[in-house]
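Student: I'd like a close look at one loop residue and where it sits. Could you start there, then walk me on through whatever else is worth seeing?

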Amino acid sequence: MKKNTFITWIFSLFCAISFAQVTISPATFNVTDQITITVSFPTNACNTMGTAPVKVYMHAGIGDDSNAFGYSVVGNWGTDDGVGLMTNNGNGTWSKIITPSTYFNLNTTQQANASKIGMVFRNTAGSQTLKLAPACTDFVFNVGLFQATLSSPALNSSTIISSGSNLSINASNTNGNANYDLKSNGTSINSISNVSSYSFNHTNITSNQSYELIITQGISSQSKKFNLIVNPGTIAQSIPAGLDEGVNYNTSDLTKATLVLEAPGKDFVYVAGSFNNYQPDASYAMKKDPTTGKFWLELTALTSGVNYSYQYWVVDQSPTANSPVLVKTADPYSTLVLSPFDDPYIATASYPNLPVYPAGQEREVTVLQTGQTPYNWSTATTNFVKPNKDNLVVYEVLIRDFDANRNFQSLIDKIDYFKNLKVNAIELMPVMEYEGNESWGYNTAFHLALDKYYGTAAKMKEFVDLCHQNGIAVILDVALNHAFGRNPMVRMWMKDPDGDGWGDAASDNPYFNEFAKHSYSVGNDFNHASQYTKNYTKRVVKQWIQEFKIDGFRWDLTKGFTQACSAGDDTCTNAEQPDRVAILKDYADYSWSLDPNHYVIFEHLGIDSEEKKWADYRISETPSKGIMLWGELTYPYTQLMEGYSTGGDLTRMGHVSRGFIGKRLMGYPESHDKDRLMYSALTYGNGAGTSPVIGNLNNSLFRMSAIGATSLLIPGPKMIWHFADLGMSNSIYTCTDGSVNSETDTTTGDCKLATKPQPQWVNNWLGITERAKIYNDWSKMINLKRNNPVFNGDYSISPNGSNVRQRIYVYDNSLPASQLKNVVILANFSVASQNVTPDFPYTGTWVNLMDNTTINVTNTTTAITIESGGFRIYGNQPAALATDDFTKINYINLVPNPASTYFNLNTDVTKVEVFSITGQLVKSFKNQLENYQYSISDLNQGVYIVKVTDANYNEKTLRLIKQ
């Protein structure tokens, strides 16, 4: 059985008879009876909780024969809240006493129809479970003295017949006589009363049938469902030219749309949708192109602007072992899908007017709509010039954890936050339609569709357009290494031995490997050697570049794009694999064919020789290509944050150490996949010295500016994990209840994927001096990087005798001496003040690029004293700063001007800085109210520059004449 979300589990429908691990007393019971459920924990593959768990939660549901969890579910998966907590009996067993009708809060109708109770057992975090051996399905028990059995055809089965054939239906019940009513396509076709068994032969069937046999005894009722599909035969007809897989809209006739499905090995396909009441007849059997084997069907009589939904009913009359005959699935190329699992929990504010899921259906359906109005892109997007790869600063965002609203509108509302930080790219963790709602998104199910939890396609496009208007590129994280059980290409060729409609890839799957070909597998492993997979992947690339104007992709888990290894072979997976190199170059080539400046970024984290083949690929072309590689350096930066000298080697933060020709290493101290530096510092930091780190919030926050100086300014693209710029200290293993565990926690498992709290907005971190300092310092550093050519030059990293005394030299000897051509970055990560030998390249006047103060260097080796956690950035000349990047605060005025003794501002401010015309800071003021008198009586006559920062960290520069 396949889980249908990345972080939760799909409710199994498997019905079992004998359970050694779980007993219910009394064994036969009605829904209103009190029962005792007792569980033990044997050693087997379906028990990952061990034989002596610390806590046991029962996650239970009640329903009917079609879904043992369909009426009600009790339990909050992964939460230690007491809901479903069992009692330790002290003898190796755990128990819970319930009355099903009250425990599950059933109404009268549900009590009358409840026939199955299902359960699974978990630890606190939900990372360890006990399920039913040997198939590891859920435990399912009968409810009620009245039980009914469908003997033929099988429950939930699909029978394929030729038109005009018959179907025999047989059932029986316990506890005396009952009434039987057989419905087909919602209409009763046979009834019989007061019998204990049922037999009926439905003859001369010429159309598809959805049966429901309802068995009633007193006020109790049970429903048995099954299907019959009429084989329409092969309808061979050539596919019209120019059609792609998925929905093809007829631009000249808005009443028509043509569907195309590639389903090799399948016998026939029906299209069921709102346009035929989900009861397709022969006219909705898809035609099959004799050359390509693709199925296609033109829909007619559609109304422009109306949302229609549909599914494919895909039939294989002789499937591989344990595979279903019929699969009902949404279109693999859906751009909008409706889900019965996720949609009920999507906020109206995030997705207003969400189309309604069609009643009576199951699993996802695809939405089509003719006559859609194209998005009106601004010229900022149509003429967008992407920032240079060499000084790209990417801000990685998980929308789910960006703020409490968790949608695109939140990003739109906070565009100034990104703009004032000066980042020039935002990377969104996966936003394609994934399984569940509150997910990281790497369990993508429909790669061409936008996940509705974050908002509409129009709102996503508005966000992209707004970013482009502010000079910010948008990059998407794409998960094309794997997919899970909801993916249509998994489901159409799946192993489903328990018949619950979910499964893993079967041996005949043309898109996925039956068994993973690398050692980092999650879900089902895409086979990127398959032309089917290659075609699908390129359609995904095309969709997001052309439809959403996305500027680049970060390709997740690229180590999995090989066919040369196996699931347990780390050595093979981590070695250079020629097939993987070629496959990924091909995808990069296709991306660049659509957009020559497209950013291609791999999360490979592999050996240098393989990564070099991508980093240097087509780099000498105009425009320069080259694939950017993630460069994770969390451990060295963590050691420095904690105040330890060992392990803080930063030499691999840039491209030089990797042997890359171009600056194609996207180095970073933090990412979504590693723990926060702040958390590590506060938890494990050095407690010695005059400025201890462990447990000291302000000392730890102070050190984050030095982290920025020693990471952001190294030439080449860099990345920030969201809210590192404010000193975010929540561990990646923070649970929803605020507790913290770890990846190796054998008792509760880890909370890595749990939704995180939002203190940065609730507690107004931008208004806290220590946190705002990080944000402002990093903003200045990014501004330096983006606007000074020297940071596109070379560099060297040379600690001063110890890693806690970092020295980084950035230089470009081709620049003239009158320009900023040499930068010396010094940092002290010790827990005490340190003297750092700067080894300036030459003597003379050097400028502190953070405040434009100067020092006169007469001896290049004269030590500079740097406070614990501090840093210095020196340049041979003042930096060029892009003042046109400052947000224009048009309402701020400075009076009088000219002024002799003071000036006023007509608003509250957080900071005012006065600079000489040569760029030297001569006065500063903080947190002053409207009409405060800023004294300048001590300044000489002349022209000055006043930089004002308001409460939202918007900036404005003004010219002041001092009389």
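Tutor: Start with asparagine 509, which is in the loop between β34 (504-505) and β35 (524-525). Before we go on: this is a predicted model, so local features need pLDDT of at least 70 and side-chain atom pairs 80 or more, while totals for chains, interfaces and linings use all residues. Numbering starts from 1 along each chain as its sequence is written, and side-chain values use heavy atoms, without hydrogens or water. The names like β34 are DSSP runs numbered from the N terminus: helices (H or I) have at least four residues, strands (E) at least two.

Is asparagine 509 buried or exposed? Asparagine 509 is buried, with a relative accessible area of 7% (buried is under 20%, exposed over 50%, partly exposed in between, with a 1.4 Å probe and protein chains only). Now find tryptophan 493: asparagine 509 and tryptophan 493 are 16 residues apart in sequence, yet their C-alphas are 5.0 Å apart in space.

Some loop residues stand out for their backbone angles. Most residues other than glycine have a negative phi, and most peptide bonds are trans. Arginine 406 isn't a glycine, but its phi is positive, about 55°. You'll find arginine 406 in the loop between β27 (393-397) and α4 (408-413), and arginine 406 is buried too, at 17% relative accessible area.

Phenylalanine 723 is another non-glycine with a positive phi, this time about 75°. Phenylalanine 723 sits in the loop that runs from β40 to α15 (759-762), and its relative accessible area is 1%, so it counts as buried.

Then come the cis peptide bonds. One joins alanine 133 and proline 134, with an omega of about 5°; proline 134 belongs to the loop between β8 (129-130) and β9 (139-142). Another goes from threonine 622 to proline 623, where omega is near -5°. Proline 623 is in the loop between α11 (608-615) and β38 (628-632).

Now back to β40, as it takes us to the empty spaces. A cavity here is a set of points on a 1 Å grid where a 1.4 Å probe fits but cannot get out, and lining residues have an atom within 4 Å of a point. There are eight cavities of 30 Å³ or more in the structure. The largest cavity holds about 180 Å³ of space (a volume is the space filled by probe spheres set on the points). It is lined by 16 residues, and the closest to its centre are Asp401, Arg676, Trp721, His722 and Lys756.

How big is the second largest cavity? Its volume is about 60 Å³. Its lining includes Pro669, Glu670, Leu677, Ala724 and Trp778. Two elements give two or more residues to this lining, α14 (697-709) and β40 (718-721), and β40 gives the most, with three residues. Look at Trp721 once more: Trp721 appears in the linings of both the largest and the second largest cavity.

For a helix, try α8, which covers residues 531-548. Those 18 residues reach 25 Å from first C-alpha to last, close to the expected 26 Å, which is 1.5 Å times one less than the number of residues. Many side chains to look at here: the buried residues of α8 include Tyr536, Val540, Val541, Trp544, Ile545 and Phe548. In general, an α-helix has 3.6 residues a turn, so residues three or four places apart point the same way. Right after α8 comes lysine 549, with a positive phi near 55°.

Finish with the sheets, where two strands pair if DSSP finds at least two bridges between them. Four strands make an open, antiparallel sheet in the order β1-β2-β6-β5. Its edges are β1 (22-25) and β5 (87-88), each pairing on one side only. β1 is joined to β2 (residues 35-40) by four bridges, running antiparallel, and serine 25 stands opposite threonine 36 of β2.

Further along, three strands form another open, antiparallel sheet, ordered β49-β50-β53, with β49 (894-895) and β53 (934-935) as the edge strands. Two bridges link β50 (residues 902-905) to β53, and there tyrosine 902 stands opposite serine 935 in β53.

Conventions. 1 Å grid on protein atoms, 1.4 Å probe; cavity = no way out; pocket = protein on both sides within 12 Å on 5 of 7 lines; lining within 4 Å.
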